[in-house]
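Open your viewer, switch to a cartoon view and get ready to make a few selections. We will walk through the structure one stop at a time.

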Amino acid sequence: MSEPNSPGESRRGAPRFFVGCEDDESEVLEDSMRTDMELYEDDEDTDSPPERQIMVGICCMMKKSKSKPMTQILERLCRFEYITVVIFPEDVILNEPVDKWPLCDCLISFHSKGFPLDKAVSYAKLRNPLLINDLNMQYYIQDRREVYRILQEEGIDLPRYAVLNRDPDKPDECNLVEGEDHVEVNGEIFQKPFVEKPVCAEDHNVYIYYPTSAGGGSQRLFRKIGSRSSVYSPESSVRKTGSYIYEEFMPTDGTDVKVYTVGPDYAHAEARKSPALDGKVERDSEGKEVRYPVMLSAMEKLVARKVCLAFKQTVCGFDLLRANGHSYVCDVNGFSFVKNSMKYYDDCAKILGNIVMRELAPQFQIPWSIPTEAEDIPIVPTTSGTMMELRCVIAVIRHGDRTPKQKMKMEVRNPMFFDLFEKYGGYKTGKLKLKKPKQLQEVLDITRQLLAELGQHNDCEIEEKKSKLEQLKTVLEMYGHFSGINRKVQLTYLPHGQPKTSSEEEDTRKEGPSLLLVLKWGGELTPAGRVQAEELGRAFRCMYPGGQGDYAGFPGCGLLRLHSTYRHDLKIYASDEGRVQMTAAAFAKGLLALEGELTPILVQMVKSANMNGLLDNDSDSLSSCQHRVKARLHEILQKDRDFTDEDYDRLAPTCSASLVNSMKIVQNPVATCDQVYALIQSLTSQIRKRMEDPKSADLQLYHSETLELMLQRWSKLERDFRMKNGRYDISKIPDIYDCVKYDVIHNATLGLEDTLELFRLSRALADIVIPQEYGINKVEKLDIAYAYCLPLVRKIQLDLQRTHEDESVNKLHPLYSRGVMSPGRHVRTRLYFTSESHVHSLLSIFRYGGLLDVSNQTSEEKDQQWKRAMDYLSAVSELNYMTQIVIMLYEDNNKDLTSEERFHVELHFSPGVKGVEEEENAPTGFGFRPASAENGQKQPDPGSLEDLSRDETDRAVPLSEPITIQRRSPLIRSQCAGLFSTTVLGGSSSAPNLQDYARAHRKKFSTGSLSYKDELLSMPAVKRFSVSFAKHPTNGLMCLRASCLSSAAGFEGCSMVPSIYPLETLHNSLSLKQVNEFLTGVCESAGDPHTRTTRGQKQTCISCYYF
């Protein structure tokens, strides 16, 4: 919510903040408190007389009124121009009659231990102030029986329960029969486990009783004492004195959800470890209980509204249990604030202030109206000059920087492997993934047994198998323990054995069935990868319009406001790879301004989408088309001569500029492979020498790697790259490039010779091999793309279609949404995190699937913007970490519902992280949301958001203004200077310039004025839509410079965090009908056997993905 303008505030100084009722008892807050809220001040002076002040009284125990949340919120509340806060001293509350209490127009009062609620009720009757939280209802909140009765009357789900009243006057309510594994309360039977709660809400001694099959006993919960919130007891019998509620135990995932409302239309939700789990309170490094944000479903939002209204508590906390696909309210706590959330403090103060002003301003004749919610309106100026509402954002994003992926394949025929394959149901699908520690231990046991049996054999075939088994054993024994995140074994059934390939001797092949064992390890997200993802999330947040109000110094608040007011429909999906899931969690942390570790964010906010191939694929089960493509690729690259014109035609039929350029660098593929092989030999030799140096004995490389582990991965590549027949295994080129890129970025301080030359040559080879593995000509590219990402294409189509359908979501209250153009509308965001294969495939579909076919049109008919976009994509050589494909859907509410012009789609792309030494050859696009030529001179409507943001030099800004970027800088542990200095390119964008809006509204900014004090670097006068921030880039156009990690466990030495390419607009004037017809055509083509020869089994209907 935007704060009302305050023309008299700077004249008046900081608003008075009183404690007590006498003038001489008043205390003006410290300077620091005033500084914190300078954001609300206005520079404009007026000569108007002082206005009548609305007195807001705070009547509660001193422990509560002096608490950090209360102090933070009151600081913000008293910055409303016409509001003065008065805190009732505890001594007055306890010892003075109510007619001696301070006067107030609005009362915030709530019960806690020792508080005289009866006196507060009497005061309210005497003075009749506006009550933020009803006082009489607070009697009910103290009795769990009444709480459950009210919840039941409101139709709110709660656990099945029965009340045991040990009241002599009500003997019929005291029937208890206790069995070994159940209790019967007034005829209602509860099997163990069940919960026993005292009827008094102030009594926190809640017991959970366990069945004998689980060991019996009980878990005894209590108010947190130090680091404990419960203890286990062997006692299995229920308590025999006192009145209790008995209720069914709800099997949650080990977390409780705490919901905090501020009025019926706002709620903050966070989860904590359930005290029933093991009684150990999880605390962070500062000793605070670990809590993490959660998103409420539409039904839970409705529950929050009902609880707030039913108990008449504007500020109200309650507990949710999520179990069996439903949410149950198990406790209502009354007045309760969120701890340690600056955004919540801002929001709470704004909502409370506006409630007070809305209710009391008219009777005091104060000139005030609910301000327009500038940051609540997802409205942007489009390239054609019209204003449209953002409705949907879809992004497909590759994971962040990772350690080198390593893989070993071997064919196995031993019966023990077949027994293992059968044991875990491998014959059902012909494939098996083993990731659990127990499963990996079984593979290791078989390997050890086979090695013992093979010890005395010496023929060459056995020796080859022995070396593979030894490598299998070595990898499985690494780290001393198993984890499914960093190692896995895949088994694939081959009914006729491994197919013969050109790199294997035919006479060594055996007939009969076998298993292809693929061992994978490495590929973990690095600290740099986490930083990249989090910062990209923070930048992505700022693509959402908004943030022009009081939060102008905190970019991206438009999204955060949408999210907090239930109007952001966000779902994050990730494949089942650990690096992909952690990337998604880090991105979510930046996107939603979350705090804390990634694991709880991952658990609560990232959906695993590994069903039916939505984001996963089994790369070892290639389609027949991929086999043909790889074979042809290997054949062309095995010729020991310079590329001929025929080779260019065969290998680059799409005439990709980056591919042709790489072929020119390579010239002779075999000669280049010879150079690469020699450089790898040199590298392994250097590493061995370094290992012999005593100074290097304890040298720690990036991400806890040792020289020994580094040597292992390079030695394996040295062995595998050059085969026994002297030819090169082209499939190892991506792995070589992967490894050398990692070392050049992260281990450059080792000073190994010729690594940059190895990097240059392997990149040129990889730029040929990697893109072409996904198809050489257009037909192959589409065929392979369909196999990988048809389910994802269908899901994207569903996302776009469902955006403009009526949704069963909670609407904003009409009073609260005044000034919001479309309070019932949502912005839908769907984020899909995946691997390189899906990004390559989806991009192939957009490029070659016929969205805007420019190849068969005359020059007059061609879509020039799409042609430029295709030229730009042709120049992109690598889809690196954090590559993004972004689709944005807008709605023009002024157009007829049936008009094709009502919905407008934009397509954006970034090739992700910048490559090493790539600046001089970097492909350049045409900026993010560039203005179209025909509308370049169109003036915006006066008073529009676009007009607000205009600078005098606006129209003179070139669309792709060159900027100076420091590519990367050392990432030094424990030295944390400014994080991610960022710069935003000039050109039209989705959000008006925050500086200009602030200037127009005479707002004053200072670095002390923000809750995130280190967020705002400076805000010089800049061209339209071009704002520089120290930590928060704007509009998603981000150039990360460098970062230091404040906590990088296991990280030693220097490293680099490469910058990320800004988003480039591929097209910004597509209609939804056009895109929908294209996606429908893609799905039909993929399903047509005449169009596509190999479908696989990945075309499963994906309506089930929509959660």
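Here is a tour of this predicted model, from the overall view down to single residues.

**The whole chain**

Begin with everything visible. The protein has 1107 residues, and 58% of them are buried. Its secondary structure comes to 31 helices and 31 strands. Now think about contacts between residues at least 6 apart in sequence: 75% of these join residues at least 24 apart.

**A sheet of six strands**

Next, select residues 161-164, which form strand S6, and residues 228-233, which form strand S13. Both belong to an open sheet of six strands, paired antiparallel in the order S6-S14-S10-S11-S12-S13. Why do S6 and S13 each have one side without a neighbour in the sheet? They stand at the edges, and each has a single partner strand, so there is no neighbour on the other side. Turn the sheet and look along it: from one strand to the next, the twist averages 20°.

Now go to the middle of that strand order and select residues 194-198 (S10) together with residues 207-209 (S11). These two strands run antiparallel and are paired over three bridges. To see one bridge, pick Val 195 and find its partner in S11, Ile 208.

Step back along the chain to Pro 193, in the loop between strand S9 (188-191) and S10. What kind of peptide bond joins Lys 192 and Pro 193? The bond is cis, with omega about 0°. That is worth a pause, because most peptide bonds are trans.

**Asp 143 in its loop**

Select Asp 143, which sits in the loop between helix H7 (137-141) and helix H8 (144-153). Is Asp 143 buried or exposed? Its relative accessible area is 18%, and the cut-off for buried is under 20%, so Asp 143 counts as buried. Show what surrounds this residue: setting aside neighbours within four places in sequence, Asp 143 is in contact with Val 199 and Ala 201. Add Glu 202 to the selection too. Asp 143 and Glu 202 are 59 residues apart along the chain, yet their C-alpha atoms are separated by 8.3 Å.

**An enclosed hairpin**

Move on to Lys 312, in the loop between helix H9 (298-310) and S18. Phi of Lys 312 is positive, near 55°. Most residues other than glycine have a negative phi.

Follow the chain into strand S18, residues 315-323. Eight of its nine residues are buried, so S18 is largely enclosed by the rest of the structure. Add residues 326-334, strand S19, and you will see it pair with S18 in the antiparallel sense over seven bridges. One bridge to look for links Phe 318 to Val 332 in S19. The two strands form a hairpin with two residues between them, where Asn 324 takes a positive phi near 55°.

**Gln 638 and its contacts**

Jump ahead to Gln 638, found in the loop between helix H19 (624-637) and helix H20 (645-651). With 18% relative accessibility, Gln 638 counts as buried. What does Gln 638 touch, not counting residues up to four places away in sequence? The answer is Val 670, Arg 727, Tyr 728 and Ile 730. Try the distance tool on Tyr 728: its backbone oxygen lies 2.6 Å from a polar atom of the Gln 638 side chain.

**Ser 704**

Now select Ser 704, in the loop between helix H22 (669-692) and helix H23 (707-721). Its phi is near 70°, another positive value in a residue other than glycine. Ser 704 is partly exposed, with a relative accessible area of 34%.

**The largest cavity**

For the last stop, look for empty space inside. The whole structure holds nine cavities of 30 Å³ or more, and the largest encloses about 280 Å³. To find its centre, select Pro 771, Lys 781, His 840, Arg 847 and Val 876, the closest to that point of the 21 residues that line the cavity.

Which helices each supply at least two residues of this lining? Colour helix H21 (657-666), helix H25 (755-772), helix H27 (836-848) and helix H28 (864-875) to see them. H27 provides the largest share, with five residues.

Technical notes: Residues are numbered from 1 along each chain as its sequence is written. This is a predicted model: local features need pLDDT of at least 70, side-chain atom pairs count only at pLDDT 80 or more; totals for chains, interfaces and linings use all residues. Side-chain values use heavy atoms; hydrogens and water are left out. Two strands pair if DSSP finds at least two bridges between them. Helices (H or I, at least four residues) and strands (E, at least two) are DSSP runs, numbered from the N terminus. Axes are lines fitted to C-alpha atoms, for helices over the stretch in contact, and angles run from 0 to 180 degrees between N-to-C directions. Buried means under 20% relative accessible area, exposed over 50%, partly exposed in between (1.4 Å probe, protein chains only). A polar contact is a pair of N or O atoms within 3.5 Å; within protein, one must be able to donate a hydrogen and the other to accept it, and residues adjacent in sequence count only if both atoms are side-chain atoms. Contact means heavy atoms within 4.5 Å. On a 1 Å grid over the protein atoms alone, a cavity is a set of points where a 1.4 Å probe fits but cannot get out, and a pocket is an open set with protein on both sides within 12 Å along at least five of seven lines; lining residues have an atom within 4 Å of a point. Grid points are joined across faces, edges and corners, and a volume is the space filled by probe spheres set on the points.
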